[in-house]
Amino acid sequence: MSDAHGHGDKPFLAHHFEDEDHQFDSGKLGIWAFLVTEILFFSGLFCAYVIYRAMHPEVFTFASNALDTQMGAINTGVLIFSSLTAAWAVRNAQLGQKTGLIVNLSITILCAFGFMGIKYLEYSHKFHLGLFPGDKYEAKEGAYGDESKGNANTVAFTSPEEEESAEETEPGVAFSRGDTAEAELAEQEAHGDDGHGHEELAPWNDPNVPEATKRKLKIFFGIYFCMTGLHGIHVLIGILVLGWLLTRAIRGHFTPTYYGPIDFAALYWHLVDLIWIYLFPLLYLIN
Amino acid sequence: MTQVDIPVESPVRPVQHLDKNFINHSKGFLSWALTLDHKRIGLMYLVGISLSFFLGGLFALAIRLELFSPGMQFMDAATYNQVFTLHGAVMVFLFIIPGIPAALGNVVLPLMLGAKDVAFPRLNLCSYYLWLSGAAFFIWTLFSNGLDTGWTFYTPYSTSYTDTSVIQATAGVFMLGFSSIFTGLNFLVTIHKMRPPGMTWHKLPLFLWGMYGTAIMQLLATPVLGITLLLLIMETTLGIGIFDPQKGGDPVLYQHFFWFYSHPAVYIMILPAMAVVSEIIAAFSRKHIFGYRMIAYSSVSIALLSFLVWGHHMFVSSESTLATLIFSAITFTIAIPSAIKVFNWLATLYKGSVQLDTPMLYALGFMWLFTIGGLTGLFLAVLSTDVVLHDTYFVVAHFHYVMVGGTLFAFLGGLHYWWPKMTGKMYSETSGRIAAVTAFIGFNLAFFPQFIMGSRGMPRRYADYTADFELYHRLSTTGTLILGVGLALLAYTLLRSLFGGKKAPANPWGSATIEWECPSPPPHHNFDHPPLATDPYDMERVEWDEEVQGYVPAVGHRPTAH
C-alpha cells in the first residue's frame, strides 16, 4: 500500500482516527448501517414472498410439503448455536482470551459449514426430484411427499375417490380444501384418469393438468431457491470473513482495545442467523 | 467558539501552496491504483465519470441527429432503441448518480470536515473498483448485443423478448449499486464520526447536509434495486417467473420494485446538486446563507419523502385509484422542501454582493432550470394531466430540466468551484463564463421545444415522427449542438488550466468552509491538526489579500499555527 495508514505503536489504528474508541465507534456505526442495507436487500424477496403467497395461498401451502422440515429445523438449531459461539467469541476478544477466541471462531465456522452441508443435501434432493427453480422445473413422482416415510405433511396424489378418504384421515392437507385452483386440478386429475389411466403420475407432471395451475408451483420454488440461495451466499461470505478473522486471531491481532472486526463480523453473523429464523417458518412451516 | 486572537502586528498568513501535495507525493501507477487517499480516489472517479458523460453525450448527439428530420436518417429503428437506451443507462448509472457524491464529494467531504480521510478508506477504494467493474460491464454490453429495453429494464420485455445483453447490463448496474451504497455508507459514518471540534450539526456546511440526505437514500433504496436486478437476472437465466405473466408472475411488481429504488434515485441525483448550489450561492453572494436550518432540514425531508412517491411512475400501469391519489398527494408535498431551498437561495442573493464567476453562473442557471423542471413535475403529478402527458416528450423535457439543467449544471458549477482546490490551478475565467452561458442557451434551446411538442402529443422513444413536429425537433437538435459546443469549450478551459493555469491560492473565492483553509492542492494528510470549526457561512472571517491573490483569514480570525 502506498499510503502509510497506521500509528507506530498501535499497528491497527488507522491514521485518520484519533484513538481506538474513535475507530471502534465508526466501525460500529458502519456495520449497523450495512446491516440496514442487508435487510433492505432481503426485503425485496420477502415482499415478493408476501405478494405471491397472498395471490396463491394454496400453492404455498401445498408446495411447502416438498421441503424437509426436519433438515430445516436442524439447520435452524445449528445457526442459533453458531450465533452463541459468535457472541462468545466477541466476549473472548474483549477479555483478551486468545484460545477461547480461536475455539469459538472455529466452532462458528464449523457450524456454518454444517449448515451449508445440510443445505447441499436438501438442494440435491430437490434437484433429484426435478424441483428446479424456473423453466427446468419438472416435478417427479413423490416430489411433494412420500407416504412410506409416514410424514404427516404428506400428500398423496391419488384418484379422486381415494382422495376423499385421504381427506378424512389427513385433515391437515390444506391443498384439498376446495378452492378454484384445486377444484380445477382435481377435475383435470379425473380427466387424466379417465382418458389415459396415468394413475401414478403426479398431477404436476400430468400433461392434462393445465399449464396455468402447474406453473404456479414453479413460482414457489423460484422464491424458495432465491431466498435460501441468497441466504446461503451470505453464509458463504460469513465463512470467508470468519475464516480470515480466525487467521488474524491465531496471529494474535486482537486485544481488549482492538476487537472491532470480531464484533462487526459477529453482528453480521447474527443478521444472517436472524434472516434464516424468518425463512424457516415462512417456507417450511406453512402447514 | 474557541477563537485564537493574534496581535495585529504579527499576522500569520496561511500557507498557500506546498511543494509536496497529494498529487505528487508519490509516483507510479500503483500509487494511484492502490491509493487509499480520498482525494486521489475522487480524482479517479472524476476521470471515469467524465469519460462516461462523454460516451453518454455521444449517444445523445446520435439521437438528436437522427431526429433532425422525419423519416430514418442514418440508423434503423432497432438501432435507435439501442442508442436511447444506452444514452439513458450510461448517463443515469455511470454519470449522474455517482457524479457529485463520488467525484466531488470524495475530494471535498473529508476536507470540509477537517478530517484526514473518510471513515473507511479501503471501502472507498472498493467502491471505486465496483464502479469500474460496473462500467466494464457496460462496455461489454456495448460490444456484445447492446441493450434496447430502455434504462428501466421493464419486464417481461427485458426477460423474455429482447435478444440484447440484459444480463451484462443489469449485472453492471448491480455493481454500480453497491458502489453507490458503500459511498453512502462511508459518507454517513464520516459525517457522524469525523466532525472536527466545534462542528455541531447546526454548524455543518450545507453541502454535508445534502450529502447526508443522499447517503440515507443510497443506503436504504439501492439494496432494493440490487435484489430487483438479481431477480431479473434469475428470471432471464432460469425463468423463475416472478415478473413474467406467462409464468404466473406480475410485471407490475417489477415496476414497483424498480421505482422503489429509482424514485429515491432521482433525489440521489438532485440532492447533491442542491448541496453544491447552496455552497456556491453563499460564497458568491459574499453573504451568510439565508435560512440555514430550513435548507438543512429540507434536505433530510426530501430524502425521507422520496421513499413515498414511487407510485407516481405507474399512474397508468393499473394502479388502484386510491393508490394513485395518495401517491399524487405525497408527490405534491415534495414541492415544499424543494421550494424552500429555491426561496432561501433567492433570499441569499438579495442584497448580497453577487459575483458572476463561472461557478455562480452555473448555480444561477441551476436555479432557473431546476425551477422549470420542478414546476413541470407538478403537471405530471396531477393525475388527470399525467394521463395525457405520460410517455410524451413533456416527460423527457421535464426530467432533462431536472437532471441536466439541475444536476449537470450543479456538477459543473461544483467542478469549477473546487477545481482550484483539487488541481491547484486557476482556469481562465473568461472562457469558463463563455462556456457556461453557451451551455445554458444550448440547453434551453434543446429542451424547451420538447415541452411544447410533448404537450402536442409527440410520444417519447419513437424513432420517427410526423412532419408537424419537425420544427421543434430541429430546434432541439440545434440546441443540443450548441450545448455540445459549450461543453467542449468547458473541457478545453479546464484541461488547459492544468498545463498553463495560474497557481491557485488556498482560498480563491472567499468561502468560509474549512476545505479552503488547507493549501491548494491539499497535502496528503490534509490537515496537520483538525481545524476548529465555526460558522461555515461567516464570510466576514476572510478578507482579500492582494499578495496571494486570494482570501486569507481576516486579522483577528487567524489561528496561531497552521
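Reader: What confidence does the predictor assign to chain B?

Author: Chain B has an average pLDDT (the predictor's confidence in each residue, from 0 to 100) of 92, and 97% of its residues score at least 70. The model as a whole scores ipTM 0.91 and pTM 0.88. As this is a predicted model, local features need pLDDT of at least 70 and side-chain atom pairs count only at pLDDT 80 or more, whereas totals for chains, interfaces and linings use all residues. Residues are numbered from 1 along each chain as its sequence is written, while chains are lettered from A and ligands numbered from 1 in the order in which they are written.

Reader: Where in chain B does pLDDT stay under 50?

Author: That stretch is residues 6-10 of chain B, for which the model has 5 contacts beyond four places in sequence. Two residues are in contact if their C-beta atoms, placed from the backbone, lie within 7 Å.

Reader: What makes the span of helix 11 of chain B agree with its number of residues?

Author: Helices are DSSP runs of H or I with at least four residues, and strands are runs of E with at least two, numbered from the N terminus. The expected span is 1.5 Å times one less than the number of residues. For the 24 residues of helix 11 (residues 358-381) of chain B this gives 34 Å, and the end C-alpha atoms are 34 Å apart, so the two values agree.

Reader: Why is helix 11 of chain B called largely enclosed?

Author: A residue is buried if 20 or more other C-beta atoms lie within 10 Å of its own, exposed if 12 or fewer, and partly exposed in between; C-beta atoms are placed from the backbone. In helix 11 of chain B, 19 of the 24 residues are buried, so the rest of the structure largely encloses this helix.

Reader: How do you know that helix 11 and helix 14 of chain B are roughly parallel?

Author: Their axes come within 9 Å and cross at roughly 10 degrees, helix 14 being residues 429-455. Angles under 35 degrees count as roughly parallel, over 145 as roughly antiparallel, 65 to 115 as roughly perpendicular and the rest as oblique; helix 11 of chain B is therefore roughly parallel to helix 14 of chain B. The axes are lines fitted to C-alpha atoms, for helices over the stretch in contact, and angles run from 0 to 180 degrees between N-to-C directions. Residues that meet include B:L361, B:Y362 and B:L369 from helix 11 and B:A436, B:F440 and B:F443 from helix 14. By class, this contact has 8 nonpolar, 4 polar and 2 charged residues. Ala, Val, Leu, Ile, Met, Phe, Trp, Tyr, Cys and Pro count as nonpolar, Asp, Glu, Lys and Arg as charged, and the others, Gly among them, as polar.

Reader: What covers the buried residues of helix 4 of chain B?

Author: The cover includes helix 2 (38-66), helix 3 (77-112) and helix 6 (166-193) of chain B. Among the buried residues of helix 4 are B:L125, B:Y128, B:W131 and B:F138. The 23 residues of helix 4 should span 33 Å, and its end C-alpha atoms are 33 Å apart, which agrees.

Reader: Why is B:I100 called buried?

Author: B:I100, in helix 3 of chain B, has 30 other C-beta atoms within 10 Å and is therefore buried. Its contacts, not counting residues up to four places away in sequence, include B:P272, B:V276 and B:F411. B:I100 and B:T407 are 307 residues apart in sequence, yet 8.2 Å apart in space, C-alpha to C-alpha.

Reader: What makes B:R286 and B:N526 unusual in backbone terms?

Author: Most residues other than glycine have a negative phi, and most peptide bonds are trans. B:R286, not a glycine, has a positive phi of about 50 degrees, and B:N526, also not a glycine, has a positive phi of about 65 degrees. B:R286 lies in the loop between helix 8 (251-285) and helix 9 (292-305) of chain B; with 16 other C-beta atoms within 10 Å, B:R286 is partly exposed. B:N526 lies in the loop between strand 2 and strand 3 of chain B; with 25 such atoms within 10 Å, B:N526 is buried.

Reader: Which residues does the cis peptide bond with omega near -5 degrees join?

Author: That bond runs from B:T155 to B:P156, and B:P156 lies in the loop between helix 4 (121-143) and helix 5 (157-161) of chain B. Another cis peptide bond, with omega about -15 degrees, joins B:S520 and B:P521.

Reader: How many residues does each chain bring to the contact between chain A and chain B?

Author: Chain A brings 31 residues and chain B brings 38. The largest share of the side of chain A, 16 residues, comes from helix 1 of chain A.
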